[in-house]
Amino acid sequence: MYSQYIRLYTWVVCLLLISLSADAQRQRTRYSHLPRPKRVFAPEHPRYVQPDARQPAIYFPQAPLPGKTRKSIGLVFTTTPPELTEEIRVSVPAIDFNIQRGLTKRLYAIGRIQTQIVQSNVGAGLRWSSQLTDRLFIAPGIDITGWFGALAIKDVFNSQAYGVQAFPSVSVGYRFTRDVQLTVKSEAIMDLYYRSQVGNLAVTYDRRRVNGVAFTFMLEQPFYKQQHVSVGFRAAYSNFNWQLWSLYDTFDRNLFYPQFIFGFIL
Amino acid sequence: MKSVIYFLLGVLLILTGSCRKNYEAPVPYAFNNTPGAGHFVPSVRQSMEGVYAVSDGAGQFGGQVVLKWTYLLNGADTNHYLSIFTGTDAGYFNLEGNPKADSLVLNGYWRKLVNTSTGLVQLTVKSKHNGRLQVYDTNKLETADTLVLEGLYSNDKASPTQKLTLTYRRPLNSRPFSIMAHRSGGRTSDLLPVSENSVEMIKLASRLGATGIEIDVRYTKDGVPILYHDNALNLRLIQKNGLTGPIENYTYEQLNTLVRLVNGEKIPTLEEALETVVTNTSLSLVWLDTKYIGPMDKVQAIQQKYRQKAILNRRNLRIIIGLPTTEAVDQYKALANKDNTPILCELDTAITRSLGARIWAPRWTLGPQTQEVLAMKAEGTTVFVWTLDEPKFIQEFVSQNNFDGILSNYSSVVAYYHYSEQQ
Amino acid sequence: MMIHLRILVWITCLLISRSVANAQSVQRTDTVQLTPPPRGPYNFVMTVGSGLSFYSTHLGVPAALEQTHVSRFGVPATLRMMWYPDHRLRIGLETGWTTMYSYRGHVSGEPAHVYVSLVPILLVFSMPMAWLSGTERSIARRFAATVGTGVYLNHSRLDYLGTVLTNTNSLGWMAAGSYTQPIGRRLRVAGELKWYDAVAAENAAFTAEVQLVWRAFSW
């Protein structure tokens, strides 16, 4: 079952790499008689891009300047799969806070908190950003997230659970115009650890396995005045979603979790 | 520009996969349903039941399985089926004797409920005598002989080619225990061949490991008790026909004419369901889950009618009214006569005691509640837990030995852990 | 069908965006510089429209019905209220009413009729294809892509041995492409092709509408 997603994932990555390679070749051909142009300029260079000239973004795979931080706050709406919630099909909101900090001119750290109060997800990770052409950027990365939830409801729940997952990813960003940037992010979802407890009885799973894949399509652009926003869609196919831990999914099938994401870039 | 084309191609590829996948698990085997058991006479069937070690095929089905015979009554005829519960990925086998074969041959299929894996199976029953396999004959069986089921299995509809060998290890755990199947046998979302809360699912329940069933009772607009789980007509449970909204808005005739469950069955009345339980199955318990809001007298009358019918048919069958909410408790309290109306209370122990319920059934998500469970049992109350599907927790709850039964969508998993439990 | 349409909408949006981007990227520099964005005006825009809808996914007619007649066409109505800030992205709410399908037939001589319609209540985002260059005279700036997500109220009416009127909610989405022609200082006429998809109820329709776009308030 996973193989088809891994194959799809590999195809996507290959196509994107081919795309980048083709673009790079085109650049080389055009400027073959010239020294290869540098993509990043030193601060004293006249063509250096001032930090505030960059488009504010969270998903677009362009590293913040070293030492600079960017943040966003918004909501993620996750539609529940009918296999788990049956006739109750709802779009569950979670508060979504992102923070990113440039470490070097290419490497940046990310942090993300998603919370629904009774259950939360905290993640941290690294991205390595490259600007391939004037418009095209790419950033492979990996996030490690920890989720936890607890429910105590009379006659219904006395349950807690937590777990750890990893999300290796490749983000490809394309700057259509000065005001619109599209990012396509492909992620593999990997289970590292899961512990669930009801009353005083606990079970754990510590097998490391690929749980599913996710694809995100994100537009980032100005909205009003200087305020920029991220608006997009994430399609996750996975055996487990932390927001639905209390439904104790037993399916060994990649269920579809569509997510609508909206965030204000601070 | 080229890069944009490749970029868009990549996006296109991703979007192609960005759709909800429809999973299916069609049964690859057509049962002959020949009446009688053929060569599988009662002594053979009895000797075959037990816990077996898996040698060939352990990678697919785990190292140990449980074999159990069940039957369906069809008037004067009886159909016998062998079920194998694997404990791995909620796996089970459904097999029937091959009447055309000279020896003890079983044909059927296997399925894993957690995913869509399925395939065909052919097994032959043999005995191992002095280390050599030979034709199984109960009359010639010696104490040191071991029963072996040997054969082949396949994936999907392919002809079986992969070896499967099961070797008898020990008898089944005989501790009395109720294995109750949710929604009359299992969930529609587990891609079973028949729909939940249907007559056909009731007939399948035993083969999935159940000794009892839970069914969901609602009233139609004209007051007919029927089986239906959800609050509204929806495509999870019924075939598309444009009708939506609460089932209580429709008359029985409207539902019976225009609505079919996802696998094509009619929505059964409570009477049709209990008639099937009494006359066709060997199930020993029916838990009527109260999904309706309104008077309970009609359900009580039907419960008592089929209780009498079961007694007349010499059937060991308990039909119990489940009280999941305070509203249901009030409806029960409003009954004029509560004689011969066994109830099951899902609320706390105080309410259970105050109602004089003989069965207490807390949710499994409250945990084992060992003190409360032991206290209730000491008072003579039967204690079930519901609706427990998580295999590791099923194993833990069974091994703790405190509960008298488990309600599950995976009765095959409960059956595996219960019957294979070492006494 | 749904899958293909979804893909087509995406690809069309992307291609148009790309082509417009190319048109705009005249003499662009090696790095992307964001010029100070324009300030206002902010507009509150109301859109009403109607046209023709076609039910574009599978439908089920009970096998018990004889002499069946199915209709997939309807006349939709749309009401959309949008906020146009001083950038490309616009946000608003959309509602309306759209026939999904109906069928009629007989069961043992008794007539039966089922009618299904839905009312969308959607949060919508819209983007004109061009923004940073050109004016409203530019053709590209008159094309817009709109997507939305929210709830559909699915309404069904059964006439068979009595009448049953029921409603049920379904999560869903929409996607649309439109062309807007100015006809006055505050009025525009638009043509819009739209895909409504009430996912949980598996009701989906393709609509073609003519819309009147009224810039109600500006500040």
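**Exercises on chains B and C**

Read along the sequence, chain C runs α-β-β-β-β-β-β-α-β-β-β-β. The model is predicted, local features need pLDDT of at least 70, side-chain atom pairs count only at pLDDT 80 or more, and totals for chains, interfaces and linings use all residues. Residues are numbered from 1 along each chain as its sequence is written.

**Exercise 1.** State how many helices and strands chain C has.

Solution. Helices (H or I, at least four residues) and strands (E, at least two) are DSSP runs, numbered from the N terminus. Chain C has two helices and ten strands.

**Exercise 2.** Determine whether C:Val48 is buried, partly exposed or exposed, and place C:Val48 in a surface patch.

Solution. Start with the element: C:Val48 lies in strand S1 (residues 43-55) of chain C. Buried means under 20% relative accessible area, exposed over 50%, partly exposed in between (1.4 Å probe, protein chains only). C:Val48 has 40% relative accessibility, so C:Val48 counts as partly exposed. Next, the patch: C:Val48 joins C:Ile183, C:Leu187, C:Leu212 and C:Trp214 in a nonpolar surface patch (residues with over 30% relative accessible area and no salt bridge, nonpolar side chains joined within 5 Å). Together they have about 430 Å² of accessible area (Shrake-Rupley method, 1.4 Å probe). A salt bridge is a side-chain nitrogen of Lys or Arg within 4 Å of a carboxyl oxygen of Asp or Glu.

**Exercise 3.** Locate B:Asn337 and classify its accessibility.

Solution. B:Asn337 sits in the loop between helix H8 (326-333) and strand S17 (343-345) of chain B. B:Asn337 is partly exposed because its relative accessibility is 43%. The C-alpha atoms of B:Asn337 and B:Gln300 are 9.6 Å apart, with the residues 37 apart along the chain.

How values were computed: Chains lettered and ligands numbered in written order. Heavy atoms only, no water. Patch = residues over 30% accessible without salt bridge, like charges linked within 9 Å, V, L, I, M, F, W, Y side chains within 5 Å.
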